[in-house]
Amino acid sequence: MGADLSGNSSRFVIFSVFFTARAYYPVLAILFIDLGLTLDQFVMLNFIWALTIFLFEVPSGALADTLGRRKLLVAAAALMLLEMLCLLLASWTSGALLLGLCVINRICSGLSEACASGADEALAYDSLPEQNRAAAWDELLAKAMRWRSVGFVVAMILGGLLYDPRIVNFVLPSFAQITTEFAHRLPVILVLLQALVCLWFTLKMIEPTHAIAGARLENTLNHILSSARWVLTTPKTLVIILIGVAVDSIVRNFATINSSYYRLIEVPEWTYGFLGALFGVMGFVIPSIAKYLNENFSLFTNLVFIVVCTLLGLVALVPAWPVFGLIPAIFVFSVIFFLGFTVSRVLHEEAESFRRATVLSVKGLIFNLGYGIFSLAFSVLLTQFPESAEGNALRSALLWQVPFFALIAMALLTWAKFKLTKNVS
């Protein structure tokens with residue numbers, strides 16, 4: 001009799017919520033800036049983060065397929081704990097030491113993301129009963145995305161409120177008032193506690209068996225190469241990954257600098273957490289819509305829908321209307337949920353069990369490489385307006401990214417239509 005894997009589904013959901021819904025997200029950019037970094041230094045740090053994932057994403061996925069998905073998830077939680085400790089230490093430093101600790105933070109964060117990427121979904125998918133597994137995965141994925149949205153609502157509200165010392169001190173008695181510097185550490189402390197929860201639940205996970213579990217380490221390279229070749233030669237996976245990275249890189253870059261955009265459109269800092277919560281609410285609704293559209297329309301139709309929504313949102317960001325600029329921002333953020341559901345659904349349908357984590361890691365590598373390159377380009381773009389105020393530089397950069405995305409997306413959709421039609425025929 002095999003091990004009881006039924007509890008892995010709930011453990012996957014809990015890990016997914018606490019690993020992804022981090023309380024510092026609504027203030028991420030200004031958190032680093034308030035530590036003493038500049039906006040372009042912050043963007044460069046995210047390039048380092050993406051480069052780390054690029055180097056370790058696929059090897060970690062192959063190790064998950066060979067050594068075990070549970071081991072990689074435990075490592076991801078431990079690295080999350082370490083990255084939060086670095087950020088806490090950085091809040092007491094300045095100069096080169098501050099930058100060094102922030103670099104270590106980004107490297108640990110990238111390693112953590114690489115270890116978790118693919119391993120979590122692969123473990124959860126292979127833990128489901130084989131009968132009607134694809135339908136069960138659609139239900140579990142939608143459930144995980146909805147609970148992540150609930151987690152985002154809570155984390156965004158708490159993170160935004162805890163970062164503002166006026167709000168915290170309003171609640172606290174007079175003898176327990178805190179400083180601005182300590183308030184800025186509170187979201188980080190909360191994420192540190194989330195890392196402990198992740199570590200606990202990954203330790204309780206049970207490893208499901210699959211075709212090459214326990215394979216020798218020297219076989220890992222061959223497994224990586226064969227899985228990468230499979231991804232690049234399978235039409236559906238290639239189409240979903242290339243169009244996905246075009247959308248993901250530009251939307252995720254904007255999500256990274258969202259608090260700077262909020263300052264540009266004159267939104268008070270204390271509202272940032274509530275805005276993140278509203279983003280979370282969108283994520284609660286969209287997976288059900290994505291599930292319906294993916295079940296009733298073709299992959300190409302869904303990709304066109306995603307691209308058009310992204311382009312419309314990017315165009316509407318450019319005017320940066322005071323306060324009302326929030327509407328296109330939330331619209332752009334909502335695309336990421338639809339894209340995530342569609343990409344995951346296609347890859348799990350196409351990939352065989354023995355290569356599932358590696359395929360998901362190949363996807364993650366390409367997505368994060370695209371994000372890193374675009375972040376670097378966006379950082380360079382910001383520096384092209386040195387005589388402008390930071391807000392004007394950001395506004396100009398938002399304008400220039402629109403025609404870039406439009407041309408790339410149009411070319412990819414034209415190619416995808418040919419590729420998918422050829423594959424059907």
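**Aromatic contacts around tyrosine 371 and elsewhere**

I looked up tyrosine 371 and found this residue buried, with a relative accessible area of 1%. I note that the model is predicted. I then looked for a charge at this ring: the charged end of arginine 252 sits over the ring of tyrosine 371, 4.5 Å from the ring centre.

I next searched the whole structure for aromatic pairs and obtained eleven. I examined the pair of tryptophan 49 and tyrosine 371, which is edge-to-face, with 5.6 Å centre to centre and 85° between the planes. The assignment as edge-to-face follows because the angle is over 60 degrees. I located tryptophan 49 in helix 3 (residues 39-66) and tyrosine 371 in helix 16 (residues 356-383); the pair links distant parts of the chain, 322 residues apart. I checked tryptophan 49 for exposure and found it buried as well, at a relative accessible area of 9%.

I turned to tyrosine 125 and tryptophan 137, whose rings also form an edge-to-face pair, 5.4 Å centre to centre with 70° between the planes. Tyrosine 125 belongs to helix 6 (residues 119-127) and tryptophan 137 to helix 7 (residues 133-163), so this pair ties together parts that are twelve residues apart in sequence. I recorded tyrosine 125 as buried, with a relative accessible area of 6%, and tryptophan 137 as buried, with 1%.

I also looked for clusters and noted one formed by Phe254, Tyr261, Tyr262 and Phe333.

Lastly, I looked up arginine 22 and found that this residue lies over the face of phenylalanine 19, at 4.9 Å from the ring centre.

How values were computed
Residues are numbered from 1 along each chain as its sequence is written. This is a predicted model: local features need pLDDT of at least 70, side-chain atom pairs count only at pLDDT 80 or more; totals for chains, interfaces and linings use all residues. Side-chain values use heavy atoms; hydrogens and water are left out. Rings of Phe, Tyr and Trp (its six-membered ring) pair if their centres lie within 6.5 Å; planes under 30 degrees apart count as stacked, over 60 as edge-to-face and the rest as tilted. Helices (H or I, at least four residues) and strands (E, at least two) are DSSP runs, numbered from the N terminus. Buried means under 20% relative accessible area, exposed over 50%, partly exposed in between (1.4 Å probe, protein chains only). A charge sits over a ring if NZ of Lys or CZ of Arg is within 6 Å of the ring centre and within 35 degrees of the ring normal.
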